Structure formats: structure tokens, C-alpha cells
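Trainee: Could you walk me through the aromatic pairs in this model, and then through what sits around them? I'd like one connected account rather than a list.

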Amino acid sequence: MLTPRVLRLSLLRRLGGGAAERPPPCRPRVFPARSNHSRGYSSEGSSKYDRPMRQFAEENKANPQPLIYYIVPSALLVFAGLATFVHYNDEKRAVTQEAQQPSVPKRCTTNRPAIGGPFKLYDTENNEVTESKLRGNWTLMYFGYTSCPDVGPAEVQKMADVVKLLESKYGTKITPLFITIDPQRDSPAQLKAYLSEFDPRIIGLTGSINAVRQIAQEYRVFFKRVDDIGQDYLVESSHNMYLLDPCLETARCFGAEYEASDLAEAIIMEIQKASQSSTN
């Protein structure tokens with residue numbers, strides 16, 4: 001028979017074995033606290049996106065660029081600014097000059113053959129004459145010289161007759177213009193004496209050799225000295241008359257075959273045609 005002590009020990013063993021087999025109590029899992037920092041905007045600058053910029057800044061501090069890398073771009077910017085300023089002022093000046101000029105008729109804007117251009121010559125009174133002083137009137141222009149033996153005087157007489165016919169028959173006034181191609185001998189006084197024998201209304205123009213050559217080239221006038229013996233020579237040239245409208249654009253070119261009456265009628269037709277086109 002078991003003693004009380006043995007029974008107590010047996011009971012304690014059973015109780016101890018049951019406790020060993022019992023599963024351990026459940027413990028709650030503790031998760032680490034999450035940070036609220038944004039991935040790309042770390043305040044400590046430890047983001048992987050900030051590393052290249054930080055590295056680039058450190059490299060710039062370690063290896064500073066030469067001074068020329070900053071001077072050249074600055075100089076280019078200053079030059080560009082000056083060029084823009086000058087261009088703006090030129091455009092503003094051009095617009096101002098256009099506003100000051102008188103209004104140009106519509107027919108002046110039409111496309112025509114490139115005959116004629118700017119010039120600067122002198123009349124028989126030594127006054128400077130440019131193309132701007134002839135604007136506003138119809139002009140009949142002829143290139144010749146006072147020493148011409150035959151064709152020249154006939155053409156100048158034709159011009160004087162046309163001026164009279166236009167005024168008497170058609171009531172139209174034009175500006176007759178005689179430009180010498182022999183400026184070495186045709187001085188202003190010589191031109192005045194020569195043209196007064198035909199019609200004092202004919203304006204004579206002369207100038208330097210280069211100025212005369214320039215206007216002859218602009219109006220496609222051919223001339224060349226021939227039989228040159230000192231101051232005794234002839235000038236071979238074309239004998240065309242040019243009708244210029246009030247804008248100094250060449251409206252028509254007439255050859256030596258025209259008579260005075262035919263030339264006056266052709267001029268009136270051109271004037272009427274221009275007036276009709278301007279009103280349309």
C-alpha cells in the first residue's frame with residue numbers, strides 16, 4: 001500500500017508532465033512603426049534620387065570650371081541683346097520714314113521691269129536733282145549730248161514738239177528731261193545754252209562721269225566714245241525716250257521711229273491707262 005508521500009509525488013509528476021505538454025500562451029506580434037517620410041523627398045537627403053545631384057555638386061566643388069566658361073556665354077548674351085536692340089531701332093526708324101513719305105498710288109506697287117533707279121545729278125543752275133524731286137509728275141526722259149551732229153538735235157526737237165502738243169491738244173503737262181552722256185564737255189552752262197534753242201522748259205542734267213554712267217546703266221542706255229582725238233570725239237549711243245509715271249517707274253520706252261504726233265498720242269494713252277487702273 002502506497003504511502004501518502006508516494007501518492008503526493010506521483011500526483012506532482014502527473015501535474016508536471018501535463019504542464020510540459022501544454023502549448024505556450026499566445027503572445028501578440030509587435031510590428032515596427034512605419035515612417036511617414038516620402039520616398040523621393042527625404043529631409044535628410046539620403047534618398048537615392050538625391051545622390052546623383054549631391055555627387056555632381058561635390059564634383060563641381062572639387063573641380064571648379066575655368067573663368068572662360070562663364071565669360072563666353074555672358075558675352076554672347078550681351079551681343080545678342082545689342083543686335084536685337086539695333087534691329088528694333090532700324091525697323092522703328094524705317095516705319096517712321098515710311099510714315100513721313102507721301103502716300104504712293106496703287107499703280108506704284110505693281111510689278112514692272114527693273115528699269116531705272118536712284119540718281120544724283122545737277123541741273124543747269126547747279127542745283128542738285130535726285131529722283132525724289134521728280135516724283136508726282138509724268139516725265140519724258142532722253143539721253144544725249146550737245147555735240148551730237150544729227151540724231152541728237154532731231155530727238156530734242158521731237159521732245160519739244162511733244163510737250164507743246166500735249167499742252168495744246170490734250171491739256172496735259174509733263175516734265176521733259178535731257179540727261180547728257182558726255183559730262184566732260186556738257187557743263188551746266190553748255191546744257192542751258194543748248195536746250196534754250198529748243199524749249200526752255202526742258203530740264204538739262206549733268207554730273208560726274210560715274211554718276212552719269214550709273215544712271216545710264218540703270219536705264220539700260222548704251223553709249224561709247226568713238227573717233228576719239230583729244231577733245232574732238234563722237235559718242236555712239238542708243239536714242240530712246242523713256243516715259244516715267246509719277247512714281248518714276250518706266251511706263252514705256254519709245255524709239256527714234258516715232259513722230260511727235262504719234263509719240264504724244266501714245267503718251268496720252270499710257271496716262272489714261274494708269275488713271276483707270278488707279279481708280280479700280
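Mentor: Sure. Let's fix the rule first: two rings of Phe, Tyr or Trp (taking its six-membered ring) count as a pair if their centres lie within 6.5 Å, and planes under 30 degrees apart are called stacked, over 60 edge-to-face, and the rest tilted. Keep in mind that this is a predicted model. By that rule the count comes to seven aromatic pairs.

Take Tyr142 and Phe178 to begin with. Their ring centres are 6.0 Å apart and their planes meet at 45°, so this pair is tilted. Tyr142 belongs to strand β3 and Phe178 to strand β4, so the pair ties together parts that are 36 residues apart in sequence. Both partners are tucked away: Tyr142 is buried at 0% relative accessibility, and Phe178 is buried at 1%.

Now go to Phe143 and Tyr242. Here the centres sit 6.2 Å apart with the planes at 90°, so the pair is edge-to-face. Phe143 is in strand β3 and Tyr242 in strand β8, so the pair links distant parts of the chain, 99 residues apart. Phe143 is buried, with 2% relative accessibility, and Tyr242 is buried too, with a relative accessible area of 4%.

Back to the tilted pair for a moment, as it has company. Tyr142 and Phe178 form one aromatic cluster together with Tyr194 and Phe198.

There's another ring to look at, this time for the charges over it. Arg185 lies over the face of Tyr233, 3.7 Å from the ring centre. Arg225 also lies over the face of Tyr233, at 3.8 Å from the ring centre.

What packs against the strands we've been visiting? Helix α6, residues 209-218, has buried residues that pack against β1, β3 (139-144), β4 (175-180) and β6 (223-229). Those buried residues are Ala211, Val212, Ile215, Ala216 and Glu218. Seen down the axis of α6, they fall within an arc of 160°, so they line one face of the helix. On the face turned away from that buried side you'll find the exposed residues Asn210 and Gln217. After α6 comes Arg220, whose phi is positive, near 60°.

That brings us to backbone angles. Most residues other than glycine have a negative phi. Asn126 has a phi near 65°, a positive value in a residue other than glycine. You'll find Asn126 in the loop between β1 (120-122) and β2 (128-130), and at 53% relative accessibility Asn126 counts as exposed. Leu248 has a positive phi as well, about 65°, although it is not a glycine. Leu248 sits in the loop between β8 (241-244) and β9 (250-254), and with a relative accessible area of 10% Leu248 is buried.

One last stop, in the loop that leads from α4 (151-169) to β4: that's where Thr172 lies. Thr172 is buried, with a relative accessible area of 18%; the cut-off for buried is under 20%. Leaving aside residues up to four places away in sequence, Thr172 touches Leu166, Glu167, Ile268 and Ile271.

Definitions and conventions
Residues are numbered from 1 along each chain as its sequence is written. This is a predicted model: local features need pLDDT of at least 70, side-chain atom pairs count only at pLDDT 80 or more; totals for chains, interfaces and linings use all residues. Side-chain values use heavy atoms; hydrogens and water are left out. Helices (H or I, at least four residues) and strands (E, at least two) are DSSP runs, numbered from the N terminus. Buried means under 20% relative accessible area, exposed over 50%, partly exposed in between (1.4 Å probe, protein chains only). The arc is that of the directions from the helix axis to the C-beta atoms. Contact means heavy atoms within 4.5 Å. A charge sits over a ring if NZ of Lys or CZ of Arg is within 6 Å of the ring centre and within 35 degrees of the ring normal.
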